[in-house]
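Biologist: Could you take me through one part of this model closely, namely the nonpolar core, and then set that core in the context of the chain around it? I would like a connected account rather than a list.

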Amino acid sequence: MDTSKQLYEHEATDWQRGLYADVKDTFRAPIVNWIFRTTMANYPEFLRYAWGQVKPAFQTRRFGRVSVEYRDAILS
């Protein structure tokens, strides 16, 4: 994978823009992480499939708890 190649949010169109919006909404983040941008630029169909498979894991209570604990540990 060429890590210098990225598809930025302002360049995304159609389903790619929708996937980016879904990632931001799921993670409650203001930006799309470079991991998603790089994968989208290099393997867009793979990212589309993979996101559909892993998204449900990020919507669980357990993930919510772990992410809050991680954030608190980092901040303290």
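Modeller: What follows begins with the chain as a whole, turns to the core, and then moves outward to the charged pairs and the surface.

The model is a predicted one, and the values below should be read with that in mind. The protein chain has 4 helices and 0 strands, which gives the pattern α-α-α-α when read along the sequence. Its C-alpha trace spans about 35 × 25 × 20 Å along the principal axes. Of the 76 residues in the chain, 25% are buried, while the chain exposes about 5800 Å², with carbon and sulfur atoms supplying 56% of that area. Among contacts with a separation of 6 or more, 58% are accounted for by residues 24 or more positions apart.

The part you asked about is the largest nonpolar core, a set of 11 residues: Leu 7, Ala 12, Leu 19, Tyr 20, Val 23, Val 32, Phe 36, Met 40, Ala 41, Leu 47 and Trp 51. Helix 1, helix 2 and helix 3 are the elements that each give two or more residues to this core. As a general background, nonpolar side chains in soluble globular proteins tend to be buried together.

Three members of the core can be followed in detail, and Leu 19 is a convenient place to start. Leu 19 belongs to helix 1, and it counts as buried because its relative accessibility is 7%, where the limit for buried is under 20%. Leaving out residues up to four places away in sequence, Leu 19 touches Met 40, Leu 47, Arg 48 and Trp 51. Three of these partners, Met 40, Leu 47 and Trp 51, are listed in the core themselves. Leu 19 and Val 32, another core member, are 13 residues apart in sequence, and their C-alpha atoms are 10.0 Å apart in space.

Met 40 returns the contact with Leu 19, and, with neighbours within four places in sequence set aside, it is also in contact with Leu 7, Trp 15, Gln 16, Tyr 20 and Leu 47. Ala 12, by comparison, sits in the segment before helix 1, and at 0% relative accessibility this residue counts as buried. Beyond residues up to four places away in sequence, Ala 12 touches Leu 7, Arg 17 and Tyr 20; Leu 7 and Tyr 20 also appear among the contacts of Met 40. A separation elsewhere in the chain gives some scale: the C-alpha atoms of Ala 12 and Ser 67, which are 55 residues apart along the chain, are separated by 28 Å.

From the core we can pass to the charged side chains, where the count comes to 3 salt bridges. In general, side chains of opposite charge can pair when their charged atoms come close. In one of the bridges Lys 24 pairs with Glu 9, with 3.0 Å between the closest N and O atoms. Lys 24 lies in helix 1 and Glu 9 in the segment before helix 1, so this pair ties together parts that are 15 residues apart in sequence. Both ends are partly exposed, Lys 24 with a relative accessible area of 26% and Glu 9 with one of 28%.

Another bridge joins Lys 55 to Asp 22, and here the closest N and O atoms are 2.8 Å apart. Because Lys 55 lies in helix 3 and Asp 22 in helix 1, the pair ties together parts that are 33 residues apart in sequence. Asp 22 is partly exposed, at a relative accessible area of 22%. In the remaining bridge, the side chains of Arg 71 and Asp 72 meet at 3.1 Å, N to O, with Arg 71 partly exposed at 45% and Asp 72 partly exposed at 38%.

Some nonpolar side chains lie outside the core, on the surface. Met 1, Tyr 43 and Phe 46 form a nonpolar patch there, with about 360 Å² of accessible area together. Phe 46 is part of helix 3, which covers residues 44-58, and this residue counts as exposed at 52% relative accessibility.

Finally, two backbone angles deserve a careful look. Most residues other than glycine have a negative phi. Asp 14, however, has a positive phi near 50°; it lies in helix 1, residues 14-27, and is exposed at 69% relative accessibility. Arg 28 likewise has a positive phi near 50°, but its place is in the loop between helix 1 and helix 2, and it is exposed at 77% relative accessibility.

Note on methods:
Residues are numbered from 1 along each chain as its sequence is written. This is a predicted model: local features need pLDDT of at least 70, side-chain atom pairs count only at pLDDT 80 or more; totals for chains, interfaces and linings use all residues. Side-chain values use heavy atoms; hydrogens and water are left out. Patches are made of residues with over 30% relative accessible area and no salt bridge: like charges are joined within 9 Å, nonpolar side chains (Val, Leu, Ile, Met, Phe, Trp, Tyr) within 5 Å. Accessible areas come from the Shrake-Rupley method with a 1.4 Å probe; for residues, only the protein chains shown count as cover. A salt bridge is a side-chain nitrogen of Lys or Arg within 4 Å of a carboxyl oxygen of Asp or Glu. Buried means under 20% relative accessible area, exposed over 50%, partly exposed in between (1.4 Å probe, protein chains only). A nonpolar core is a set of buried Ala, Val, Leu, Ile, Met, Phe, Trp, Tyr and Cys residues joined through side-chain atoms within 4.5 Å. Contact means heavy atoms within 4.5 Å.
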